[in-house]
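Visitor: I would like to walk through this model with you, one question at a time. Shall we bring it up?
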Amino acid sequence: STDEVRESMDAVDQQLQRMYRIISGILDTERARSRLASLTTCPAERIIADVAEDMRLYARERSVALEASITPGTPAMRCDIEQFERALGNLVENGLKYTAAGGLVRLTARAEGSG
């Protein structure tokens, strides 16, 4: 009957969705492992300076001040520089986009605590 076929198709669809989630989880794990291998020492000062430089024109266009600073003695960190710069750039871009003209977006780095 049509109802039995529909139930069978729903069951198959649920199993396919479950398999997709499992495979996606495995792929995510493998991507994370490969990223760990590409971690390098990232100087926070350079990353902050590069992101601020990339965003200066956008800040000027939006009439928003952009300050970038780093506390002396802030240690380097281990990261995927390209991914970290992209993530930080997205955060700064959103800050600039949603700050009213005449406002300020501050990008800073400092060490806090000991772990």
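Visitor: Is Glu-85 buried, partly exposed or exposed?
Guide: Happy to start there! This is a predicted model, with local features needing pLDDT of at least 70, side-chain atom pairs counting only at pLDDT 80 or more, and totals for chains, interfaces and linings using all residues. Residues are numbered from 1 along each chain as its sequence is written, and side-chain values use heavy atoms, leaving out hydrogens and water. Buried means under 20% relative accessible area and exposed over 50%, with partly exposed in between (1.4 Å probe, protein chains only). Glu-85 has a relative accessible area of 23%, so the class is partly exposed.

Visitor: Which side chain meets Glu-85 in a salt bridge?
Guide: A salt bridge here is a side-chain nitrogen of Lys or Arg within 4 Å of a carboxyl oxygen of Asp or Glu. For Glu-85 the N to O distance is 3.7 Å, and the partner is Arg-46.

Visitor: How many residues apart are Arg-46 and Glu-85?
Guide: Helices (H or I, at least four residues) and strands (E, at least two) are DSSP runs, numbered from the N terminus. Arg-46 sits in helix α2 and Glu-85 in helix α3, so the pair links distant parts of the chain. Their separation is 39 residues.

Visitor: Why are Arg-56 and Glu-53 about one helical turn apart?
Guide: Their side chains also meet in a salt bridge, at 3.9 Å from N to O. Glu-53 is exposed at 53% relative accessible area, whereas Arg-56 is partly exposed at 30%. They are about one turn apart because both lie in helix α2 with a spacing of 3 residues.

Visitor: Which element supplies the largest share of the largest nonpolar core?
Guide: Such a core is a set of buried Ala, Val, Leu, Ile, Met, Phe, Trp, Tyr and Cys residues joined through side-chain atoms within 4.5 Å. This one has 18 residues, and those touching the most other members include Val-51, Val-92 and Leu-107. At least two residues come from each of α2 (44-61), α3 and β4 (104-109). The largest share, 7 residues, comes from α2.

Visitor: Which residue of α3 does Leu-107 touch besides Leu-88?
Guide: Contact means heavy atoms within 4.5 Å, and residues up to four places away in sequence are not counted. Helix α3 covers residues 81-97. Among the contacts of Leu-107 are Ile-48, Ala-68, Leu-88 and, in answer to you, Val-92.
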